[in-house]
Amino acid sequence: MSLTVSVGDLTIHRIIEQETTFLPALDMLPTLTPELLAENRTWLRQAAALDATDLLILCFQSYVVKTPHHTILVDSCIGNDKPRPNRPKWNMKTDGLFMQGLAAAGVSVADIDYVMCTHLHVDHVGWNTRLENGRWVPSFPNARYVFAKGEFDYWTAQNAKTEVPPFVDSVLPVVAADRAEIVSHDFAIGDHVRILPTPGHTPGHVAFTFGKGKDDAVFSGDLVHSPLQARYPELSMKFDVDQATAATTRRAFLERYCDTDTVCCTAHFPSPSAGRIKRWGNGFACEAVAG
Ligand SMILES: [Zn+2]
């Protein structure tokens with residue numbers, strides 16, 4: 001399995017932390033019917049997106065993107081040593097897979113110039129910080145961390161009502177260390193990196209587009225979780241904060257990139273996770289690109 005894609009003047013590495021069963025398809029996608037699942041079971045299993053008991057299989061990963069000017073981490077996955085009692089596979093884990101993945105991509109923590117989070121959910125901020133002498137410190141000592149303002153403000157308000165552990169242990173320490181850039185939608189890094197607002201999964205969710213003068217690659221975060229939702233964009237998932245907006249955003253995003261050369265790097269599709277968007281009936285497929 002190739003973990004590297006080259007497109008335009010970008011080199012993109014996948015850093016996989018886990019690829020595993022997540023939730024029953026019928027639970028995660030509340031409007032999915034048993035009949036529609038049955039119609040799609042064969043190809044989903046062939047794509048390793050569904051297991052034999054109808055659990056959806058998701059990949060949990062980050063992407064490292066090398067532009068001619070910068071090395072950028074898109075989303076920071078699950079992290080170690082973090083109390084996540086509701087998710088046994090993530091709770092207080094101590095494995096070396098993420099750091100081994102970085103090393104395999106030829107990157108050290110000191111090489112990362114920017115960490116960019118599509119949104120601030122638990123599996124997208126985890127490696128923002130690591131535990132050092134009982135304190136959470138930024139994992140990437142030379143990086144600026146980019147958070148969209150709408151997203152940061154939303155979680156600031158949520159956390160004021162009820163403590164949001166991943167915000168407290170993986171976002172606020174970055175702010176305290178003066179490493180955060182809370183940015184609006186016109187933020188860009190040079191002529192290679194831009195923001196595409198994609199609300200719905202969370203109110204301030206954004207995608208990131210990379211490439212000089214055109215979108216060679218786009219990082220879609222959690223605007224779509226499973227290839228089944230590409231096929232049927234109206235299927236929102238139960239953790240989408242605004243399910244109707246999420247569905248509208250999902251279809252508009254897939255339509256925008258359908259039959260273009262842009263490589264869509266999904267956060268959670270099973271390996272190889274990245275591909276070009278093609279039309280499939282009234283929906284879409286993500287056609288794998290060879291590394
Ligand atoms: Zn996610």
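## Reading pockets, metal and backbone

Q: How many residues line the largest pocket, and which of them lie nearest its centre?

A: The largest pocket has a lining of 23 residues, and those that lie nearest its centre are Arg-87, Trp-90, His-121, Val-122 and Pro-166. The model is a predicted one, and the values that follow are computed from it. The space in this largest pocket comes to about 560 Å³. Helix 4 and helix 6 (165-170) each contribute at least two residues to the lining, and by class that lining is made up of 13 nonpolar, 5 polar and 5 charged residues.

Q: How do the residues lining the second largest pocket divide into nonpolar, polar and charged?

A: In the second largest pocket, the lining residues divide into 11 nonpolar and 3 polar, with no charged residue among them. This pocket has a volume of about 270 Å³, and of its 14 lining residues, Ala-47, Pro-227, Phe-269, Cys-286 and Ala-288 lie nearest the centre. Strand 15 and strand 16 (283-288) each supply at least two residues of the lining.

Q: What volume does the largest cavity have, and which residues line it?

A: A cavity differs from a pocket in that a 1.4 Å probe fits inside but cannot get out. Here the count is 1 cavity of 30 Å³ or more, and the volume of the largest cavity is about 40 Å³. Its lining consists of Gln-61, Ser-62, Tyr-63, Val-74, Asp-75, Phe-219, Ser-220, Gly-221, Cys-265, Thr-266 and Ala-267. Strand 3 (residues 55-66) provides the largest share of that lining, with 3 residues, and the lining as a whole divides into 5 nonpolar, 5 polar and 1 charged.

Q: Which residues are the protein donors of the zinc ion, and why is their arrangement irregular?

A: As a general reference, the ideal angle for four tetrahedral donors at a metal is 109.5 degrees. In this model the zinc ion has as its protein donors Asp-123 (OD), His-124 (NE2), Asp-222 (OD) and His-268 (NE2), at 2.1 to 2.3 Å. The angles subtended by these 4 donor atoms run from 86 to 157°, which makes the arrangement irregular, since a tetrahedral assignment of four donors requires all angles to lie between 85 and 135 degrees.

Q: How are the donor residues of the zinc ion spaced in sequence?

A: The spacing of the donor residues along the chain is D-H-x97-D-x45-H. Because His-124 belongs to helix 4 (residues 122-125), whereas His-268 sits in the loop between strand 14 (263-265) and strand 15 (274-280), this pair ties together parts that are 144 residues apart in sequence. Both histidines fall under the 20% limit for burial: His-124 is buried at 1% relative accessibility, and His-268 is buried at 2%.

Q: Where is there a cis peptide bond, and which residues other than glycine have a positive phi?

A: As a rule, most peptide bonds are trans, and most residues other than glycine have a negative phi. In this structure a cis peptide bond with omega of about 10° joins Ser-271 and Pro-272, and Pro-272 is in the loop between strand 14 and strand 15. Asp-81 has a positive phi, near 65°, and Met-92 has a positive phi of about 50°. Asp-81 is located in the loop between strand 4 (71-74) and helix 3 (97-104), and Met-92 is likewise found in the loop between strand 4 and helix 3. With a relative accessible area of 27%, Asp-81 is partly exposed, and Met-92, at 46%, is partly exposed as well.

Q: Which residues is Trp-136 in contact with, leaving aside its neighbours within four places in sequence?

A: With those neighbours left aside, the contacts of Trp-136 are Asn-80, Asp-81, Lys-82, Thr-129, Arg-130, Leu-131, Asp-169 and Pro-173. Trp-136 belongs to strand 7 (residues 135-138) and is partly exposed, its relative accessible area being 21%.

Q: Is Val-107 buried or exposed?

A: Val-107 is buried, because its relative accessible area is 6% and the limit for burial is 20%. Val-107 lies in the loop between helix 3 and strand 5 (114-116), and, leaving aside neighbours within four places in sequence, Val-107 is in contact with Val-64, Lys-66, Thr-71, Leu-102 and Ile-112.

Methods:
Residues are numbered from 1 along each chain as its sequence is written. This is a predicted model: local features need pLDDT of at least 70, side-chain atom pairs count only at pLDDT 80 or more; totals for chains, interfaces and linings use all residues. Side-chain values use heavy atoms; hydrogens and water are left out. Donors are N, O and S atoms within 2.8 Å of the metal (3.2 Å for Na, K and Ca); water is not among the atoms, so sites may look incomplete. Four donors count as tetrahedral if all angles lie between 85 and 135 degrees; four count as square planar and six as octahedral if opposite donors are over 155 degrees apart and all others between 65 and 115; anything else is irregular. Helices (H or I, at least four residues) and strands (E, at least two) are DSSP runs, numbered from the N terminus. Buried means under 20% relative accessible area, exposed over 50%, partly exposed in between (1.4 Å probe, protein chains only). On a 1 Å grid over the protein atoms alone, a cavity is a set of points where a 1.4 Å probe fits but cannot get out, and a pocket is an open set with protein on both sides within 12 Å along at least five of seven lines; lining residues have an atom within 4 Å of a point. Grid points are joined across faces, edges and corners, and a volume is the space filled by probe spheres set on the points. Ala, Val, Leu, Ile, Met, Phe, Trp, Tyr, Cys and Pro count as nonpolar, Asp, Glu, Lys and Arg as charged, and the others, Gly among them, as polar. Contact means heavy atoms within 4.5 Å.
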